[in-house]
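I opened this notebook to record what I looked up in the model, beginning with the terms I needed and then going element by element.

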Amino acid sequence: MAKRAGRDGRSRGEMMRRRARAQFVGRREQLSLFADNLARDPDAEEHPAEFLFHVRGVGGVGKSTLLRQWRESARRAGALTAVVDESDAHGVLPAMAELIRQLAAHAGPLKEFDRAAEQYQRDLEAATEPLPGDVPQDMAPSMSSRVVAQAALGAASLIPAVGVATAMASPDAAAQGLDRLRSGARTRRGRGADTGGVSRAFVAELARLGERHPWVVLFFDTWEQTSRSLDAWLRTLLQDGFGPFPTNVIVVLAGRDALDERAWAPFQPYVTDVPLEVFTEAETRALLAARGITDPEVTEAVLRLSMGLPLLVALLALAQPGTAVAVGADGDLVDTAVERFVQWITDPVQRATVLACALAPQLNADIFTAAAPPEAGGLWEWLCGQPFVTGHGDFKRYHPVVRASMVRQRRAHSPQGWAAAHLALAEGHAAWRATIAGTLPPRRRWDDARWRRHRADETYHRLCAHPAAELPAALEGAVWAAGQGFAALRQWTDMLDQAARDTADADLQGWADRLRTALSGGDGPVLGALTALLTHGALSPTARARAHAERGWHLYDGEDDEEALAELDRAVALDPDNADARTYRGEVHRWLGHLDEAITDFTTALGIDPDQANALAARGEAHRRADRYDEAITDLTAALELRPDDAWALASRGQAHRQNGDYDQAIADLTAAVDLNPGYAWAVAGRGETHRLAGRYDQAITDFTTAIGLKPEYAWALASRGQAHRQNGDYDQAIADLTAAVDISPGFTWALAERGEAHRLAGRYDQAITDFTTAIGRPVENVWALGSRGQALAQMGRYDEAVADLTACLELRPDYGWALFSRGEAHRLAGRPDDAITDFTAALALDPHEVMARYYRGVAHRQTRRFGLAREDFERVGAAEGDTSGLLLDLLLLDTVESGFDACAARWTEFLTGTVSTPADVNAPLAALLRVLLLEPEGLPLEEAVDRFYAGEPDEDVVWETPAVLAELAALDNSPLARRALRCHRLVTGHPAHPRPV
């Protein structure tokens with residue numbers, strides 16, 4: 001039958017809280033302060049509610065007790081509350097998780113935080129994952145690069161109607177050059193995950209709770225301890241660093257010390273300082289009276305012994321001394337008070353239970369059963385009700401002042417009994433740890449927070465029993481804890497410090513201090529701790545190898561690649577079977593582009609541990625960067641079979657599918673990655689890139705915009721969106737995005753060169769050349785930038801300079817087909833068709849299917865009157881591309897220069913009055929000009945026809961090619977048509993609108 005509330009509807013918990021309030025004496029001013037604040041409006045223009053309280057005072061002065069009363073007051077006001085202390089705050093994430101757990105217990109599941117925390121854990125486990133924004137180096141020619149290279153060919157087209165849309169595949173060499181330039185945008189992969197995403201989800205949940213409740217109150221107890229991990233995070237939180245912090249969330253700090261003046265200076269006007277002093281004589285008398293102690297002599301004795309410290313007053317009152325002599329006042333104040341309290345517990349089982357449970361730094365029902373005497377089975381609730389026992393959730397703890405005194409007494413009273421009791425507790429934690437280990441793969445045990453807690457508690461008790469003998473094993477444990485990151489190592493170090501204080505062992509205290517000092521350092525605290533641990537000569541070879549491996553990884557994370565490799569080499573030499581060291585070293589090799597070495601290390605690691613998903617995924621990524629896409633997809637698929645929810649492996653496989661030309665599968669993988677982690681900017685941007693390559697520019701721009709919203713400083717996504725805008729014809733927006741990318745990352749050479757390309761296509765050649773020149777001067781592969789500058793120079797009519805740049809390209813990369821083609825075009829436009837034919841032929845030798853090189857070689861053959869060769873090239877282009885209007889025009893022009901205009905007059909009439917008749921056609925201005933020239937010699941004056949030609953805004957490349965067409969017609973026999981063509985040529989090239997060489 002279900003439990004029910006009492007007759008008046010109150011629960012047992014409520015009755016206990018009411019009784020505690022009735023017994024609480026003193027602090028009326030502080031209670032009123034907080035209660036009055038809860039009645040105020042947080043958004044009022046005048047005298048709004050305070051949002052930041054700092055309760056401070058010496059140990060035992062009643063800070064935790066006051067916080068409990070404030071928490072009750074907040075609950076009565078309809079607030080949601082949560083509290084953390086030093087047991088929860090070994091790091092930011094554990095603290096947030098505990099706060100969320102308590103809030104969710106009353107408000108229901110907080111799913112956004114849960115999702116963010118789960119994703120963080122996945123990212124943390126994936127040790128080889130790049131941060132969002134990593135652009136893999138040495139890509140195979142991507143379609144994005146091919147499209148850019150194609151645009152750079154300038155074939156858009158120098159002959160009417162043959163443009164980018166109809167061109168065949170562009171040279172891979174150009175695309176590879178572009179991809180290498182692009183690789184400058186990648187972000188170094190760091191170990192672990194972005195805690196900012198979890199913090200943003202935490203703030204978002206607070207905001208939602210604030211909409212449903214008048215207040216949310218967060219209590220941070222023992223701030224002198226918790227601030228070491230939470231101080232900077234909390235200040236960022238309060239300053240909207242993780243999103244707008246709700247105005248109806250109150251933060252309460254409680255600790256022994258004043259807040260750091262420098263760090264908290266911006267908050268000083270908003271901090272409500274609540275210093276707690278010892279009880280006044282009147283408050284002490286009132287508390288004693290409330291506990292039934294009214295004898296004047298006993299009261300005076302308690303006043304003298306406690307000196308008004310609330311904890312000691314409560315202990316002495318709880319003991320119910322009958323006489324002043326029973327109170328006594330000898331020896332240490334605290335020890336005397338605690339000793340008196342213990343003596344006055346008349347039940348021997350209760351007394352033994354209090355002393356036995358003091359040995360455990362924290363208690364739950366299981367630990368209580370292991371620590372307490374066998375006959376104490378029903379005393380757990382009794383112990384939790386004692387005034388010196390505090391805590392929330394599953395764990396309770398003695399007040400540190402009381403526990404320290406009891407520990408000292410136990411250790412001094414019976415050293416053998418002390419050791420035996422600690423060893424018994426150690427065995428209990430070892431058994432619990434073994435139970436958890438049975439559910440985990442061996443390599444995942446240190447990842448499990450429950451397993452780590454039992455391992456730390458077991459180690460604490462073994463240290464207390466035999467400090468010197470157990471110290472080496474405890475330090476080896478610190479090495480493993482370091483592998484879990486700062487929070488786990490902080491927890492382990494705090495355990496060592498607790499054991500050092502409880503045993504008064506100088507060596508143990510020295511190591512605890514060294515590690516605490518390292519962890520309090522600014523940069524690389526875990527690295528500093530590992531460096532300290534390596535000085536301990538008693539570390540086993542396995543532990544020493546682990547320390548070198550973890551140290552190497554942190555050095556790599558700090559961008560000290562050479563020293564990282566040296567450390568990882570040491571780790572492998574000490575322990576060749578350390579799979580993690582092999583994986584870490586493989587990752588460093590992969591980052592440095594040593595792909596063969598990386599694959600060797602990953603393969604060896606997988607031979608040691610075939611189920612190491614990280615090594616599988618990382619080897620897949622190395623294969624991808626080595627252009628072995630099938631092997632990459634195989635490895636990444638195997639990694640996903642081991643860990644199906646690995647968003648990075650999905651995104652990386654999506655990239656491999658993209659580079660393998662399978663855009664549909666790429667989109668599927670990248671979408672699955674985004675579904676797993678909607679905040680995964682790299683996957684969102686990768687999907688945008690795939691859409692861009694498939695020509696879906698609007699969808700690409702949407703994805704890039706989303707990625708930039710998730711990560712505003714995402715330079716690569718900005719540059720790629722700029723590229724999509726350029727390909728979509730929006731040059732101004734392209735330049736805006738590319739400029740923003742360069743502003744964020746001034747060394748982003750690809751973005752600079754891409755901006756130059758946008759300027760070139762927009763006709764701003766000077767700016768294009770400036771960007772290309774800057775890009776060429778960068779210490780990155782500069783082939784594409786050189787070639788693009790050559791393209792811009794050619795479009796400015798500076799053909800000799802264009803040829804010089806393109807020749808420089810070919811000196812760097814002799815098999816660069818695009819540069820050969822472009823140099824050939826520059827030669828042709830400069831009137832050197834024989835040199836053009838040489839370059840076009842060389843380009844076709846590299847790629848016989850390159851349509852544009854064959855097309856323009858046909859034009860050059862025609863210009864040198866090699867009619868048969870010209871016809872052969874044009875016919876092969878037609879077989880590949882179909883009979884476009886541009887190709888029909890060139891074939892007709894070929895027949896005309898070979899056979900004369902009269903033989904082709906009827907075909908010209910048909911072509912110019914039928915095939916090309918719409919003004920929307922890129923050839924319409926040229927067609928209109930040719931109609932006047934060829935078919936209507938007595939009609940519109942040539943001067944007016946040329947004016948109309950330019951008024952029709954012909955394509956820029958048509959403007960450059962038209963004089964060449966007219967020159968060929970002018971070379972016909974000395975006929976009226978030839979003379980008119982020559983005159984038209986002069987009018988076209990002399991027109992004010994015709995571009996001049998700059």
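Entry 1, strand E1. Before judging how covered a strand is, I fixed the cut-off: a residue counts as buried when its relative accessible area is under 20%. The model is a predicted one, and I read every entry below with that in mind. By this cut-off, strand E1, which covers residues 52-56, is mostly covered, with four of its five residues buried. I then looked up its partners and found that five bridges join E1 to strand E4 (residues 249-255), the two running parallel. On that side I noted Arg56, which stands opposite Gly255 in E4. Five bridges also join E1 to strand E5 (residues 271-275), again in parallel, and here I noted that Phe53 has Thr272 of E5 as its bridge partner.

Entry 2, confidence. I next checked how far the predictor trusts its own model, and found a mean pLDDT of 82 for the protein chain, with 82% of its residues reaching 70 or more. Among the elements of the chain, the lowest mean pLDDT, 30, belongs to helix H6 (residues 143-152), while the highest, 96, belongs to helix H28 (residues 595-608). I also looked for stretches of low pLDDT: over residues 19-25 the value stays under 50, and for this stretch the model has 14 contacts beyond four places in sequence. Residues 916-922 likewise have a pLDDT below 50, and this stretch has twelve contacts in the model beyond near neighbours in sequence.

Entry 3, helix H41. How does the end-to-end distance of helix H41 (residues 817-829) agree with the span expected at 1.5 Å a residue? I worked with its 13 residues, which should span 18 Å, and the end C-alpha atoms are 19 Å apart, so the two agree. H41 is mostly covered, since twelve of its 13 residues fall under the 20% cut-off and are therefore buried. Among the buried residues I listed Trp818, Leu820 and Phe821, and also Arg823, Glu825, His827 and Arg828. Just after H41, I noted that Gly831 takes a positive phi of about 85°.

Entry 4, Glu621. Is Glu621 buried or exposed? Its relative accessibility is 1%, so I entered Glu621 as buried. Glu621 lies in helix H29, which covers residues 613-625. Looking for a polar partner of its side chain, I found that a polar contact of 2.8 Å joins the side chains of Glu621 and Arg624.

Note on methods. Residues are numbered from 1 along each chain as its sequence is written. This is a predicted model: local features need pLDDT of at least 70, side-chain atom pairs count only at pLDDT 80 or more; totals for chains, interfaces and linings use all residues. Side-chain values use heavy atoms; hydrogens and water are left out. pLDDT is the predictor's confidence in each residue, from 0 to 100. Contact means heavy atoms within 4.5 Å. Buried means under 20% relative accessible area, exposed over 50%, partly exposed in between (1.4 Å probe, protein chains only). A polar contact is a pair of N or O atoms within 3.5 Å; within protein, one must be able to donate a hydrogen and the other to accept it, and residues adjacent in sequence count only if both atoms are side-chain atoms. The expected span of a helix is 1.5 Å times one less than its number of residues. Two strands pair if DSSP finds at least two bridges between them.
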